[in-house]
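Please open the model in your viewer and keep the selection tool at hand. The stops below say what to select next and what is to be found there.

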Amino acid sequence: MTNNNNNSKNIEGITGDPKKAILKISFPMMLSLALTMFYNLINSIWVSGLGPNALSAIGLITPLFMTLIGLGTGIGAGANSVISRYIGAENYKQANNTGIHAILVCILVSIIFTFIILIFIKPLLIFLNVGGALNYALDFSYIAFSFLILFTYSNVVAAIFRAEGNIKRVISVLCLSSVLNFILDPIFIYTLNLGIKGSAWATVLSVLFSSIIFSYWIWVKRVVFLDLTYKNFFFKPQLIKNIFNVAIPYILENLILAALFFIINSLVLQVSSTMSFAVCSASLQILIYAIMPANGISIAILTAAGVAYGARNPENLNTTFSYSIKLGFLFSLLTAIIMFLFSSQIASLFTYNSTNAMLRPQISQTLSLLSLYVLAYTPGVMASSLFQGVGKGGYSFILISVKSLLLESICAYIFGLIFGWGVQGIFIGLIFGCFLGSLLGFIWTKIFLHRFKKKCT
């Protein structure tokens, strides 16, 4: 009975004041996302002790790892959006059925993409001409990507918990999983002398642990509000379509972001040396981490916007967007300041080994510059998430495509290669393009909110 009362409170918490819903979900989500990406950061830190080529390899894999995470997160975002709208409309029967459909879809998608990634990973890395980092990257990829289903599954079931406001359990599992990865990494890499393969196995085992715990809570202990048992399943293609309306654009967005990272890496290799590529790799790892607060708030928008849109409440939808912008910018400002002031100390995480020590000043300088990207990032990601939350995944995809593939990559090329400003120019262009893309997203969302308000009155 206690669990039912707690679950009812979770539902009440996301269907009331959108500001409270965003605060309730966003802070745990910041930690949740940080812990999810902590796998990659931990891997980078421990693997850097193997030398610049190993560190570069993790940088090469990062876009693919983002894509891997994006599959599960995308399907989870679709399920989150649809479930939240059904909860807002008090249609719990369809909310249950949506959750079951999401899990089945993630299993099928994982199997398909596992074969695709394993087939094309080597040709892709050879095409990038990564030199000595190739074997390191392949050793990590073949192991990690073979267990894609674990990454997607854990992200989907975590999204189901988030959709009903049950965040604490997600955080607790991710905390334990990250700690496990942190412990296993040095043991597998150095003690067992497995090298970069050990890092991959440590990551896989850590995600397996979280998947087992989530499954126990859903089907054995049954602590969730939704009932994801077979009796509530009835095949409904429309639900799959609704999930993919958000999931496909989200997955494609991750592919676009991965493509952006590949473009930046390629540009850096064109204007500088392999050592500069290692600098780029470490810096982008930290940048991914620095935008986590904004991403955490943006995921809270999925639930708050979905509930408001499902209830046909334009005032709450508008509040969701404006409040998330303010909260996101506050956290981005604090993160950017920390990133700027402590850039040298952060750089030391990747340069504790004498082999990489000479990279510290360059990494520090790059991090100071990229702190501006953190500030420019917030409005764009909030706009994209609001579109996803209301089921307008196509709008979100268009926005991210224009922002990343057009504005950010083209500006990086212009400033870095055409203007001849080198690596620093590439990152200046990246920042400028991000600012333009975020401005576009903010204006577009305001127009959408105005039209929705007129439609509801």
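In this predicted model, the rings of the aromatic residues make a good place to begin, since the structure holds 17 aromatic pairs. Select Phe-419 together with Trp-421, and you will see an aromatic pair with a tilted arrangement, in which the ring centres are 5.5 Å apart and the planes make an angle of 55°. The pair counts as tilted because its angle is neither under 30 degrees, as for stacked rings, nor over 60, as for edge-to-face ones. With surface display turned on, Phe-419 shows as partly exposed at 44% relative accessibility, and Trp-421 is likewise partly exposed, with a relative accessible area of 47%. Next select Phe-387, Tyr-395, Trp-444 and Phe-448, which ring pairs link into a cluster.

From the rings, turn to charged side chains. Which residue forms a salt bridge with Lys-403? Select Glu-408 as well: the closest N and O atoms of Lys-403 and Glu-408 are 2.6 Å apart. A search of the whole structure finds one salt bridge, and both of its residues, Lys-403 and Glu-408, are buried.

The cysteines are the next stop. A search of the whole structure finds zero disulfides. Cys-280, for instance, is in no disulfide, and the nearest cysteine sulfur, belonging to Cys-434, is 16 Å away. That separation rules out a disulfide because the two sulfur atoms would have to be within 2.5 Å. Cys-280 is also buried, with a relative accessible area of 1%, while Cys-175, at 28% relative accessibility, counts as partly exposed.

Now colour the nonpolar side chains and look for a patch on the surface that includes Leu-104, Ile-107, Phe-115 and Ile-149, and whose residues together have about 940 Å² of accessible area. Helix 4, which runs over residues 92-127, gives the most to this nonpolar patch, with nine residues. One of the patch residues, Ile-107, lies in helix 4 and is partly exposed, its relative accessible area being 32%.

Move on to helix 11, residues 292-310, and place a distance label between its end C-alpha atoms, which are 27 Å apart. This agrees with the 27 Å that its 19 residues should span at 1.5 Å a residue. Is helix 11 mostly covered or mostly uncovered? It is mostly covered, for 18 of its 19 residues are buried.

Some backbone angles deserve a careful look. Most residues other than glycine have a negative phi. Just after helix 11, however, Arg-312 takes a positive phi of about 55°. Asn-193, in the loop between helix 7 (167-191) and helix 8 (196-221), has a positive phi near 60°, and this residue is exposed, with a relative accessible area of 64%. Then select Arg-222, in the loop between helix 8 and helix 9 (237-271), where phi is again positive, near 55°, and where the residue is partly exposed at a relative accessible area of 47%.

For the last stop, select Gln-365, which is in helix 14 (residues 360-389) and, at 52% relative accessibility, counts as exposed. Add Ile-263 to the selection and compare the two positions: the residues are 102 apart along the chain, and their C-alpha atoms are separated by 21 Å.

Notes:
Residues are numbered from 1 along each chain as its sequence is written. This is a predicted model: local features need pLDDT of at least 70, side-chain atom pairs count only at pLDDT 80 or more; totals for chains, interfaces and linings use all residues. Side-chain values use heavy atoms; hydrogens and water are left out. A salt bridge is a side-chain nitrogen of Lys or Arg within 4 Å of a carboxyl oxygen of Asp or Glu. Buried means under 20% relative accessible area, exposed over 50%, partly exposed in between (1.4 Å probe, protein chains only). Patches are made of residues with over 30% relative accessible area and no salt bridge: like charges are joined within 9 Å, nonpolar side chains (Val, Leu, Ile, Met, Phe, Trp, Tyr) within 5 Å. Accessible areas come from the Shrake-Rupley method with a 1.4 Å probe; for residues, only the protein chains shown count as cover. Helices (H or I, at least four residues) and strands (E, at least two) are DSSP runs, numbered from the N terminus. The expected span of a helix is 1.5 Å times one less than its number of residues. Rings of Phe, Tyr and Trp (its six-membered ring) pair if their centres lie within 6.5 Å; planes under 30 degrees apart count as stacked, over 60 as edge-to-face and the rest as tilted.
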